[in-house]
Amino acid sequence: MKVNPSSCLCPVLLCLCFLERGYEASHYGQAKVISRSHNATHNHTETEVHHRPKRGWIWNQFFVLEEHIGPDAQYVGKLHSNSDKGDGSVRYILSGEGAGSIFIINEAIDRNNNKPLEPESEFIIKVQDINDNAPKFPDGPFVTSVPEMSEVGTSVFQVTATDADDPTYGNSARVVYSVLHGQPYFSVDPKTGIIRTALADMDREAREHYSVVIQAKDMAGQVGGLSGSTTVNITLTDINDNPPKFPQKNYQVFVPESAQVGKPVGKIKANDEDIGINAEIKYSILNPEGAGMFSISTDKDTREGVITLRKPLNYEKKKQYSLHIAAENTHLDPRFSYLGSFKDDATLKITVGDVDEPPVFSMDYYIMEVYENAKVGTEVGAVTARDPDSKNSPVRYFIERREDKEVYFDIESISGVIRTTQLLDREDTPWHNITVMATEEDNPSLQSHVPVTVQVLDVNDNPPKINTEDEIIICESTRAGQVIQTITAVDKDDFANGKGFSFSFPGGVPANPNFTIKDNEDSTANIIARRRRFHRLTQELYELPVVVWDDGEPVLSSTSTLTLRVCSCQRGTRLKICQGEAFLSSAGLSTGALIAILLCVLILLAIVILFITLRRSKKEPLIISEEDIRENVVTYDDEGGGEEDTEAFDIIALRNPAAAEELKFRRDVRPECIRPWSSRRPARGRLSPSSLDIDEEMDVREFIKQRVGEADQDTSVPPYDSLQTYAYEGQGSPAGSISSLGSAGVHSELDYNSLDDWGPKFEKIAELYGEEVETASESTEKAESEKQT
């Protein structure tokens, strides 16, 4: 392409207009220009050949400023093609990004031909940045801290601002930092934004918080540049640069002499301008006199020195104390050692106040002694107390009484002498603890107490006793001279009166031919056999009286009777155990259990003998023969009560709960359809089968048959064969009874001899009734004969 700047034919003006203010991000625009031309001398035929001339654009790169504001289009530049002869036959067409909307071109219209003269050609329009964005601090405001007393130039914080302008074009995004507010305490690096201390020895106690305003300005800080600012809040942190100080050098406090030991009596405080651990203070008492009576500690919450009493105060002995108290920091900073010692001291004077005090005993506690069995009124000891005040009031004494304890002692109220009120037993209570109370006669409300312990001393008032309650076993194989048992003694008295014991047989008793006793002179004695062979069957038990006496003052003795049992000892064991006892021991049975078993056996034997005797008295055989027809019938000696018997055996547990209810009929009531057989009694006289009415025989047969069927079908009855009896209808029943059980003791007028004619089936019944008749006849004749006699 050739550029002809002197050409004036067909000037083409290109106007580009920026229509949107948000087009800041676009720096380049591409456009295409097409030139069209028409030659009037060419014919319009299909075979017309067009020759493309050489393209000859004349153009440069165009630039346009952003943020153009105004009603007129902004001139960007002009284009010219060497094919344009300036005769108005060339028209320029703009296409591409932003063509027609953002960029426009003045067209030269060819009125003859509308065909393109040359192909499209591209060129670039570059949007140039302008300074239209101020620097910003996106994370502000900021909070930071720096230690107080820091050196000049100590780094505190760094701020960074951002600028949306193009950093590669001009100085629009070149930021410079400066301090708007906060001088002369802090400074900022213009390029890096690092904030530093600018003043030395900044004291937190003088000023703790600072608000520093930092400005960021673009265009390298030149006039016309845009700026933004942020606030940095800086706090000076504490360091231990201040020693503790007492507000004054002398203090006074009043403490009554009745103050309790271990309780606070006063406070003192030193001030420290520091905070936290840098203000922690430790107090101490420097002079030995004050440290001996008082102690001081630090209250962690208030940082006060708390003064505590270590020993009781006595106004009469000392009325005033002077304490030299020091206060010092516990956490020191060596950088500030040049400031001197971080310690301060003051003087505290304590004035002791006079108080009316209770009596004071001469001792903190008393221990007294008295012998047991001493006479009532015996003096045990005395306590003394005095009034510590200057007036020296008289003192009165009392013993504190407790309702749950028995009174053994009393005290004289003026002298303080303690005496017994009853006999004392050392073996019952060897020590007694009492509390004595002392009060002032002028002021009884002032009381003091002291514990008194009374030890009861022992006297020899209990005789010794043999220390054994078990039987001594003598084996049948014991030889003469063999030691049977070593015995000892016990004494309730103290070891001084019951330390040694002696043993012997009672005096005035003939020598024992079986045993002898040997005193071992060590408070023990051996029982020795004097003969060989002891026979348990000959004599099983031996009683041996032994006398034991102590060596106390006076000498006391007692006689105990030892029981020696002879038995056949079990061999192969060192213990003397009888074989019977060994058997019981191995079986795990005691003597009581064996006695219980023997008693049970004896009771069972007695029951068996009684049963046999009763059977024999009734002339009933103990064993019923196999041919006896009663082999499956259980007999009882008592008769049921019929309908009135409501205490019969309850067999509900044996019944089937699912049994049909319709089968539960009364066994003792005959159905209404059957006539009572017993209502028709046979006439007195000879009883024969022919005397029974045929209808009644059929009624009884049907009645029994129906009952047998009900019994077979009833699933609620016990699961075994039973005897269904219908012999007794109960008292007051109109049916009466067909049983002979109720007439056992009454003589019947019926003739039972005819039963022999009934046949083999009634043979047993005939025998039974025949015997009964004979027995009854004999009894009647015997009674009549005795009556006559």
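Here are four short exercises, each with a worked solution, on a predicted model.

**Exercise 1. The open sheet**

Work out in which order the strands of the open sheet of 4 strands are arranged, and which strands form its edges.

*Solution.* Start with the order, which reads β34-β40-β39-β36. The pairing in this sheet is mixed. Next, look for strands that pair on one side only: these are β34 (472-475) and β36 (501-504), the edge strands. From one strand to the next, the twist averages 35°. Now zoom in on one edge: β36 is joined by 4 bridges to β39 (residues 541-550), and the two run antiparallel. Within this pairing, F501 stands opposite D550 in β39.

**Exercise 2. Two salt bridges between separate parts of the chain**

Find out which parts of the chain are tied together by the pair K249 and D344, and then do the same for K267 and E304.

*Solution.* Begin with K249 and D344, whose side chains meet in a salt bridge with an N to O distance of 2.7 Å. K249 sits in the loop between β16 (227-237) and β17 (250-256), while D344 belongs to strand β23 (residues 343-353), so the pair connects parts 95 residues apart in sequence. Then check the surroundings of each partner. K249 has 44% relative accessibility and counts as partly exposed, whereas D344, at 9%, is buried.

Now turn to K267 and E304, which form a salt bridge at 3.8 Å, N to O. K267 is in strand β18 (residues 264-269) and E304 in strand β21 (residues 304-309), so this pair ties together parts 37 residues apart in sequence. With a relative accessible area of 56%, K267 is exposed.

**Exercise 3. Neighbours and networks**

Decide whether R426 is buried or exposed, and name the residues linked in a network of salt bridges.

*Solution.* R426 and E427 meet through their side chains in a salt bridge of 3.3 Å, N to O. The cut-off for buried is under 20% relative accessible area. R426 has a relative accessibility of 16%, so R426 counts as buried. Its partner E427, at 24%, counts as partly exposed. For the network, the linked residues are R204, E205, E208 and D238. The count for the model comes to 16 salt bridges.

**Exercise 4. A nonpolar patch**

Identify which residues make the nonpolar surface patch of about 670 Å², and locate L599.

*Solution.* List the members: I595, I597, L599, V601, L602, L605 and I609 make this patch. Then place L599, which lies in helix α3 (residues 591-617).

Conventions:
Residues are numbered from 1 along each chain as its sequence is written. This is a predicted model: local features need pLDDT of at least 70, side-chain atom pairs count only at pLDDT 80 or more; totals for chains, interfaces and linings use all residues. Side-chain values use heavy atoms; hydrogens and water are left out. Patches are made of residues with over 30% relative accessible area and no salt bridge: like charges are joined within 9 Å, nonpolar side chains (Val, Leu, Ile, Met, Phe, Trp, Tyr) within 5 Å. Accessible areas come from the Shrake-Rupley method with a 1.4 Å probe; for residues, only the protein chains shown count as cover. A salt bridge is a side-chain nitrogen of Lys or Arg within 4 Å of a carboxyl oxygen of Asp or Glu. Two strands pair if DSSP finds at least two bridges between them. Axes are lines fitted to C-alpha atoms, for helices over the stretch in contact, and angles run from 0 to 180 degrees between N-to-C directions. Buried means under 20% relative accessible area, exposed over 50%, partly exposed in between (1.4 Å probe, protein chains only).
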